[in-house]
Amino acid sequence: MPAVEVSNLSKSFGGVQALRGVSLSLGESEVLGLIGPNGSGKSTLLNVIAGVQKPTSGTVKLGGRAISGMRPDAIVKLGVAKTYQIPKPFASMSVRENVAVAALYGRRLRSVGPALEEADRTLAIVGMGDRSDLAAGSLTAQEKKRLELAKAIATGAKVLLLDEVFAGLSSEELRDSIALFRKMHEELRFSALVVEHVMRAVLNVSEGVVVLEEGRVIAAGSPDQIVHDERVVQAYLGSKGVGT
Ligand SMILES: Nc1ncnc2c1ncn2[C@@H]1O[C@H](COP(=O)(O)OP(=O)(O)OP(=O)(O)O)[C@@H](O)[C@H]1O
Ligand SMILES: [Mg+2]
């Protein structure tokens, strides 16, 4: 049974149809890349799966159970965590406290002690142990992205919905982040839907790739199939080239 099954999902914002009948399936422990031009509906799809937005029609199933229409906090407690394209930590709280809040929330912990321990464990995993005591608001944009990832992992989620966590990195930072992601996936065996414009990241972390254009799936396949798909190259990759 897939971890997440999206069937015929549509979402309109007034006159804008952000999603038009999207179906996809995310396997147990699978990492699926989700690419597409700006405005093609990638963030909207993650938001609908996470319950942050309600679908206009269609269903989302988690381990066979329908979750579409449920509240986001209930969906987190079922083991689905989403990062935000634009990170919004509690700026005046420390990094450690931000992650502890996520652990409390996602793991239904009843006291702060175990949540802080979970935060320390997670920050070590994502290589931010030395940032623990800083105010989250003082982090660089990159560190805020990594904090988003730490918060998602600290919830104990089995399904991660990651919105551009590899964006804006230098070549070296990207290499380190890809290696870190692969190591975390090997250890934690989560399933992940990875929205990304950075092709080097998508191709290096994903087993499969789904391509959205104007709210529709226009292609799905292995990274190798996708970079050679004529329609994808035209619609999206175009002059940017691939594998960079
Ligand atoms: N809350 C909203 N209200 C109105 N329109 C929205 C809202 N959220 C998204 N849209 C519209 O829905 C479409 C899809 O947007 P979405 O943010 O999902 O695209 P995206 O693929 O994530 O783009 P990007 O790569 O730029 O992040 C766009 O036309 C966008 O303007
Ligand atoms: Mg987006």
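Trainee: Where is Val210 found, and what makes that stretch a strand?
Mentor: Val210 sits in strand β9, residues 208–213. Strands here are DSSP runs of E with at least two residues, helices are runs of H or I with at least four, and both are numbered from the N terminus. Keep in mind that this is a predicted model, where local features need pLDDT of at least 70 and side-chain atom pairs count only at pLDDT 80 or more, while totals for chains, interfaces and linings use all residues. Residues are numbered from 1 along each chain as its sequence is written, and chains are lettered from A and ligands numbered from 1 in the order in which they are written.

Trainee: Why is Val210 called buried?
Mentor: Count the C-beta atoms, placed from the backbone, within 10 Å of its own: 20 or more others make a residue buried, 12 or fewer make it exposed, and anything in between is partly exposed. Val210 has 25 others within 10 Å, so it's buried.

Trainee: Which residues is Val210 in contact with, leaving aside neighbours within four places in sequence?
Mentor: Leu24, Leu32, Leu34, Val217 and Ala220. A contact needs the two C-beta atoms, placed from the backbone, to lie within 7 Å. Lys158, 52 residues away along the chain, has its C-alpha atom 20 Å from that of Val210.

Trainee: How do you know that β9 pairs with β3 and β10?
Mentor: Pairing takes at least two DSSP bridges between two strands. There are four bridges between β9 and β3 (residues 31–35), running parallel, and five between β9 and β10 (residues 216–221), running antiparallel. Both counts meet the cut-off, so both pairs qualify. Ile35 faces Val211 on the β3 side, and Val210 faces Ala220 in β10. The β9 and β10 hairpin has two residues between its strands, and Glu214 there takes a positive phi near 45 degrees.

Trainee: Which strands make up the open sheet of four, and what makes two of them edges?
Mentor: The order is β2-β1-β4-β5, with antiparallel pairing. β2 and β5 (65–66) each pair on one side only, and that puts them at the edges. β1 (residues 4–13) has eight bridges to β2 and five to β4 (residues 57–62). β4 and β5 have two bridges, so they just reach the minimum of two. In register terms, Lys11 stands opposite Leu19, Ser7 opposite Thr59, and Leu62 has Arg65 as its bridge partner.

Trainee: What makes the phi of Asn8 worth a second look?
Mentor: Most residues other than glycine have a negative phi. Asn8, in strand β1, has a positive one near 50 degrees. With 13 C-beta neighbours inside 10 Å, Asn8 lands between the two limits, so it counts as partly exposed. Arg108 also has a positive phi, about 55 degrees, but lies in the loop between α3 (95–107) and α4 (112–125). Its 10 neighbours fall under the exposed limit, so Arg108 is exposed.

Trainee: What makes the largest nonpolar core a core?
Mentor: The members must be buried Ala, Val, Leu, Ile, Met, Phe, Trp, Tyr or Cys residues joined through C-beta atoms within 7 Å. This one has 71 residues, with Ile49, Val80, Leu161, Val194 and Val211 making the most contacts inside it. Domain 1 (4–79 + 158–240) and domain 2 (89–154) each give it at least three residues; those bounds come from an automatic or database domain assignment.

Trainee: How many residues bring the two domains into contact?
Mentor: 10 from domain 1 and 13 from domain 2. On the domain 1 side, α6 (171–188) gives the largest share, four residues.

Trainee: Which residues surround ligand 1, and what class are they?
Mentor: Among them are Phe13, Asn38, Lys42 and Gln85; a residue is near when its C-beta atom, placed from the backbone, lies within 6 Å. The shell has three nonpolar, eight polar and one charged residues. Nonpolar means Ala, Val, Leu, Ile, Met, Phe, Trp, Tyr, Cys and Pro, charged means Asp, Glu, Lys and Arg, and the others, Gly among them, are polar. So Phe13 goes with the nonpolar ones and Lys42 with the charged. α1 gives the most, three residues.
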